[in-house]
Amino acid sequence: MAPGIDDTASYLMPGSGDTWAQAVAAAGGRGTQRLRSAGPVNPPDWVAESLDTPPAKSVIARRRTMYLNDRPVELTDSYYPLAVAADTALERPGRIPGGAITLLAELGYTAHHADEAVDLDARPTADEATLLSIARDAHVVRIRRVVRTAAGAPFEAMEIVMIPAGRVLHHRALVET
(Lines give C-alpha, C1' and ligand atoms only; values in the text may rest on other atoms or scores of the structure.)
Protein backbone atom coordinates (compact mmCIF):
# COMPACT_ATOMS: atom_id res chain seq x y z
CA MET A 1 0.00 0.00 0.00
CA ALA A 2 1.06 3.55 -0.56
CA PRO A 3 2.03 5.13 2.77
CA GLY A 4 0.27 8.17 4.09
CA ILE A 5 -2.84 8.33 1.89
CA ASP A 6 -4.82 11.36 3.01
CA ASP A 7 -8.23 11.68 1.36
CA THR A 8 -9.76 14.06 3.92
CA ALA A 9 -8.71 17.43 2.55
CA SER A 10 -11.73 18.23 0.37
CA TYR A 11 -14.29 15.47 0.88
CA LEU A 12 -17.00 17.97 1.89
CA MET A 13 -16.37 20.54 -0.87
CA PRO A 14 -18.58 20.61 -3.98
CA GLY A 15 -16.72 20.40 -7.26
CA SER A 16 -13.70 18.66 -5.74
CA GLY A 17 -14.16 15.59 -7.95
CA ASP A 18 -13.05 12.13 -6.93
CA THR A 19 -11.04 12.99 -3.81
CA TRP A 20 -10.15 9.33 -3.26
CA ALA A 21 -8.55 8.92 -6.69
CA GLN A 22 -6.76 12.28 -6.30
CA ALA A 23 -5.36 11.41 -2.86
CA VAL A 24 -4.14 7.99 -3.96
CA ALA A 25 -2.56 9.43 -7.12
CA ALA A 26 -0.74 12.04 -4.98
CA ALA A 27 0.69 9.15 -2.93
CA GLY A 28 1.81 7.33 -6.09
CA GLY A 29 -1.00 4.79 -6.42
CA ARG A 30 -4.22 4.21 -8.31
CA GLY A 31 -7.53 4.67 -6.54
CA THR A 32 -10.83 3.47 -7.92
CA GLN A 33 -14.25 2.77 -6.51
CA ARG A 34 -17.20 0.52 -7.25
CA LEU A 35 -20.81 1.22 -6.34
CA ARG A 36 -22.18 -1.88 -4.61
CA SER A 37 -25.77 -0.63 -4.36
CA ALA A 38 -27.99 2.45 -4.37
CA GLY A 39 -31.60 2.87 -3.31
CA PRO A 40 -34.01 2.86 -0.39
CA VAL A 41 -33.11 0.86 2.74
CA ASN A 42 -34.23 0.59 6.33
CA PRO A 43 -31.34 2.33 8.10
CA PRO A 44 -29.32 1.12 11.06
CA ASP A 45 -30.54 2.67 14.33
CA TRP A 46 -27.63 5.13 14.57
CA VAL A 47 -28.39 6.42 11.05
CA ALA A 48 -32.11 6.85 11.74
CA GLU A 49 -31.28 8.76 14.93
CA SER A 50 -28.59 10.88 13.23
CA LEU A 51 -30.85 11.85 10.34
CA ASP A 52 -33.89 12.45 12.56
CA THR A 53 -35.71 9.69 10.67
CA PRO A 54 -38.54 7.83 12.41
CA PRO A 55 -37.80 4.15 13.13
CA ALA A 56 -38.57 1.78 10.24
CA LYS A 57 -38.76 4.64 7.72
CA SER A 58 -36.59 4.25 4.63
CA VAL A 59 -33.62 6.37 3.70
CA ILE A 60 -31.56 6.37 0.50
CA ALA A 61 -28.24 4.51 0.74
CA ARG A 62 -25.23 4.50 -1.59
CA ARG A 63 -22.72 1.78 -0.79
CA ARG A 64 -19.25 1.88 -2.32
CA THR A 65 -16.03 -0.12 -2.15
CA MET A 66 -12.80 1.87 -2.49
CA TYR A 67 -9.79 0.20 -4.10
CA LEU A 68 -6.10 0.94 -3.85
CA ASN A 69 -4.21 -0.55 -6.79
CA ASP A 70 -7.11 -2.99 -7.37
CA ARG A 71 -7.21 -4.13 -3.70
CA PRO A 72 -10.31 -3.34 -1.60
CA VAL A 73 -9.29 -1.10 1.32
CA GLU A 74 -12.43 0.77 2.36
CA LEU A 75 -16.21 0.42 2.49
CA THR A 76 -18.12 3.69 2.41
CA ASP A 77 -21.87 3.66 2.99
CA SER A 78 -23.71 6.98 2.72
CA TYR A 79 -27.29 7.48 3.89
CA TYR A 80 -29.61 10.38 3.00
CA PRO A 81 -33.13 11.32 4.16
CA LEU A 82 -35.83 10.68 1.56
CA ALA A 83 -36.64 14.42 1.54
CA VAL A 84 -33.08 15.06 0.32
CA ALA A 85 -32.37 12.16 -2.02
CA ALA A 86 -35.62 10.64 -3.32
CA ASP A 87 -35.98 10.93 -7.09
CA THR A 88 -32.37 12.06 -7.54
CA ALA A 89 -29.25 10.39 -8.90
CA LEU A 90 -28.37 9.50 -5.29
CA GLU A 91 -30.91 6.67 -5.31
CA ARG A 92 -29.95 5.29 -8.72
CA PRO A 93 -27.00 3.04 -9.59
CA GLY A 94 -24.24 4.73 -11.54
CA ARG A 95 -21.76 7.54 -11.24
CA ILE A 96 -22.92 11.03 -10.38
CA PRO A 97 -21.27 13.72 -12.52
CA GLY A 98 -19.17 15.83 -10.15
CA GLY A 99 -19.90 13.43 -7.28
CA ALA A 100 -22.55 13.26 -4.59
CA ILE A 101 -21.30 16.36 -2.75
CA THR A 102 -21.67 18.46 -5.92
CA LEU A 103 -25.19 17.11 -6.51
CA LEU A 104 -26.15 17.78 -2.89
CA ALA A 105 -24.92 21.38 -3.22
CA GLU A 106 -27.03 21.78 -6.38
CA LEU A 107 -30.00 20.55 -4.33
CA GLY A 108 -29.27 23.19 -1.65
CA TYR A 109 -27.39 21.01 0.85
CA THR A 110 -23.87 22.21 1.54
CA ALA A 111 -21.80 21.04 4.45
CA HIS A 112 -21.25 23.48 7.26
CA HIS A 113 -19.75 20.90 9.59
CA ALA A 114 -19.38 17.18 10.08
CA ASP A 115 -19.36 15.31 13.37
CA GLU A 116 -17.31 12.12 13.41
CA ALA A 117 -16.94 9.22 15.79
CA VAL A 118 -13.78 7.24 15.07
CA ASP A 119 -13.29 3.71 16.43
CA LEU A 120 -9.62 2.84 16.03
CA ASP A 121 -9.94 -0.69 17.39
CA ALA A 122 -12.98 -2.08 15.58
CA ARG A 123 -13.44 -5.53 14.09
CA PRO A 124 -15.22 -6.07 10.78
CA THR A 125 -18.57 -7.79 10.47
CA ALA A 126 -18.53 -11.03 8.48
CA ASP A 127 -19.77 -9.19 5.36
CA GLU A 128 -17.20 -6.42 5.78
CA ALA A 129 -14.37 -8.93 6.16
CA THR A 130 -15.47 -10.69 2.98
CA LEU A 131 -15.76 -7.45 1.00
CA LEU A 132 -12.34 -6.25 2.21
CA SER A 133 -10.72 -9.70 1.79
CA ILE A 134 -9.47 -9.69 5.39
CA ALA A 135 -9.72 -12.02 8.37
CA ARG A 136 -12.77 -11.66 10.61
CA ASP A 137 -10.51 -10.84 13.58
CA ALA A 138 -8.50 -8.16 11.74
CA HIS A 139 -8.46 -4.59 12.99
CA VAL A 140 -10.32 -1.94 11.01
CA VAL A 141 -10.98 1.75 11.52
CA ARG A 142 -14.70 2.54 11.68
CA ILE A 143 -15.80 6.14 11.18
CA ARG A 144 -19.37 7.33 11.58
CA ARG A 145 -19.86 10.81 10.15
CA VAL A 146 -22.93 13.07 10.19
CA VAL A 147 -22.87 16.06 7.85
CA ARG A 148 -25.01 19.11 8.67
CA THR A 149 -26.05 22.37 7.02
CA ALA A 150 -25.29 25.78 8.54
CA ALA A 151 -28.75 25.58 10.18
CA GLY A 152 -27.75 22.27 11.80
CA ALA A 153 -29.97 20.06 9.64
CA PRO A 154 -28.44 16.60 9.03
CA PHE A 155 -28.45 15.58 5.37
CA GLU A 156 -25.93 12.74 5.22
CA ALA A 157 -24.83 9.99 7.59
CA MET A 158 -21.86 7.91 6.52
CA GLU A 159 -20.14 4.82 7.82
CA ILE A 160 -16.61 4.16 6.63
CA VAL A 161 -14.81 0.89 7.40
CA MET A 162 -11.18 0.92 6.35
CA ILE A 163 -8.09 -1.17 6.56
CA PRO A 164 -5.77 0.97 8.70
CA ALA A 165 -2.45 0.14 7.02
CA GLY A 166 -1.20 3.02 4.88
CA ARG A 167 -3.88 5.48 5.99
CA VAL A 168 -3.45 8.85 7.69
CA LEU A 169 -6.47 10.65 9.10
CA HIS A 170 -6.16 14.43 9.50
CA HIS A 171 -8.56 16.46 11.62
CA ARG A 172 -8.66 20.19 12.23
CA ALA A 173 -10.23 21.71 15.31
CA LEU A 174 -11.60 25.22 14.98
CA VAL A 175 -11.87 27.19 18.17
CA GLU A 176 -14.40 30.01 18.19
CA THR A 177 -13.81 32.80 20.67
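The following exercises, each with a worked solution, concern a predicted model of one protein chain.

**Exercise 1. Describe the secondary structure of the chain and the extent of its burial.**

Solution. Step 1: count the elements. The chain contains five helices and six strands.
Step 2: place them in sequence order. The pattern reads α-β-α-β-β-α-α-β-α-β-β.
Step 3: turn to burial and surface. Of the 177 residues, 43% count as buried. The exposed area of the chain is about 9,300 Å², of which carbon and sulfur atoms supply 52%.
Step 4: consider the contacts. Among those between residues at least 6 apart in sequence, 59% join residues at least 24 apart.

**Exercise 2. Determine where in the chain confidence is lowest and where it is highest.**

Solution. Step 1: begin with the average. The mean pLDDT of the chain is 85, and 81% of the residues score at least 70.
Step 2: compare the elements. The lowest confidence falls in helix α1 (residues 19-26), with a mean of 62, and the highest in helix α5 (residues 126-132), at 97.
Step 3: examine residues 5-9. Here pLDDT stays under 50, and the model has 17 contacts beyond four places in sequence for this stretch.

**Exercise 3. Characterise the salt bridge between Glu-116 and Arg-145, including the location and burial of each partner.**

Solution. Step 1: establish the pair. A search of the whole structure gives eight salt bridges; in one of them the side chains of Glu-116 and Arg-145 meet at 2.5 Å, N to O.
Step 2: locate the partners. Glu-116 belongs to strand β4 (residues 113-122) and Arg-145 to strand β5 (residues 140-148), so that the pair links distant parts of the chain, 29 residues apart.
Step 3: assign burial. With a relative accessible area of 25%, Glu-116 is partly exposed. Arg-145, at 6%, is buried, since the cut-off for burial is under 20%.

**Exercise 4. Identify which parts of the chain the salt bridge of Glu-159 and Arg-142 ties together, and which network includes the two residues.**

Solution. Step 1: state the geometry. The side chains of Glu-159 and Arg-142 form a salt bridge of 3.4 Å, N to O.
Step 2: locate the partners. Because Glu-159 lies in strand β6 (residues 154-162) and Arg-142 in strand β5, the pair ties together parts 17 residues apart in sequence.
Step 3: assign burial. Glu-159 and Arg-142 are both buried.
Step 4: extend the view. A network of salt bridges links Glu-128, Arg-142, Arg-144 and Glu-159.

**Exercise 5. Describe the surroundings of Asp-121.**

Solution. Step 1: place the residue. Asp-121 is found in strand β4.
Step 2: find its charged partner. A salt bridge of 3.5 Å, N to O, joins the side chains of Asp-121 and Arg-123; Arg-123 is partly exposed, with a relative accessible area of 39%.
Step 3: look beyond four places in sequence. There Asp-121 is in contact with His-139 and Val-140, and its side chain makes a polar contact of 2.6 Å with that of His-139.
Step 4: add a backbone distance. The C-alpha atoms of Asp-121 and Arg-142 are separated by 8.1 Å, the residues being 21 apart along the chain.

**Exercise 6. Establish what surrounds Glu-91, a buried residue that has no salt bridge.**

Solution. Step 1: place the residue. Glu-91 sits in the loop between α3 (82-85) and α4 (100-106).
Step 2: check the opposite charge. The nearest such side chain, Arg-92, is 5.1 Å away, whereas a salt bridge requires a distance within 4 Å.
Step 3: seek a polar neighbour. A polar atom of the Glu-91 side chain lies 2.5 Å from the backbone nitrogen of Asp-87.
Step 4: list contacts beyond four places in sequence. For Glu-91 these are Ala-38, Gly-39, Pro-40, Ile-60, Ala-85 and Ala-86.

Key:
Residues are numbered from 1 along each chain as its sequence is written. This is a predicted model: local features need pLDDT of at least 70, side-chain atom pairs count only at pLDDT 80 or more; totals for chains, interfaces and linings use all residues. Side-chain values use heavy atoms; hydrogens and water are left out. Helices (H or I, at least four residues) and strands (E, at least two) are DSSP runs, numbered from the N terminus. Buried means under 20% relative accessible area, exposed over 50%, partly exposed in between (1.4 Å probe, protein chains only). Lys and Arg count as positive and Asp and Glu as negative; His and the chain ends are not counted. A polar contact is a pair of N or O atoms within 3.5 Å; within protein, one must be able to donate a hydrogen and the other to accept it, and residues adjacent in sequence count only if both atoms are side-chain atoms. Contact means heavy atoms within 4.5 Å. Accessible areas come from the Shrake-Rupley method with a 1.4 Å probe; for residues, only the protein chains shown count as cover. pLDDT is the predictor's confidence in each residue, from 0 to 100.
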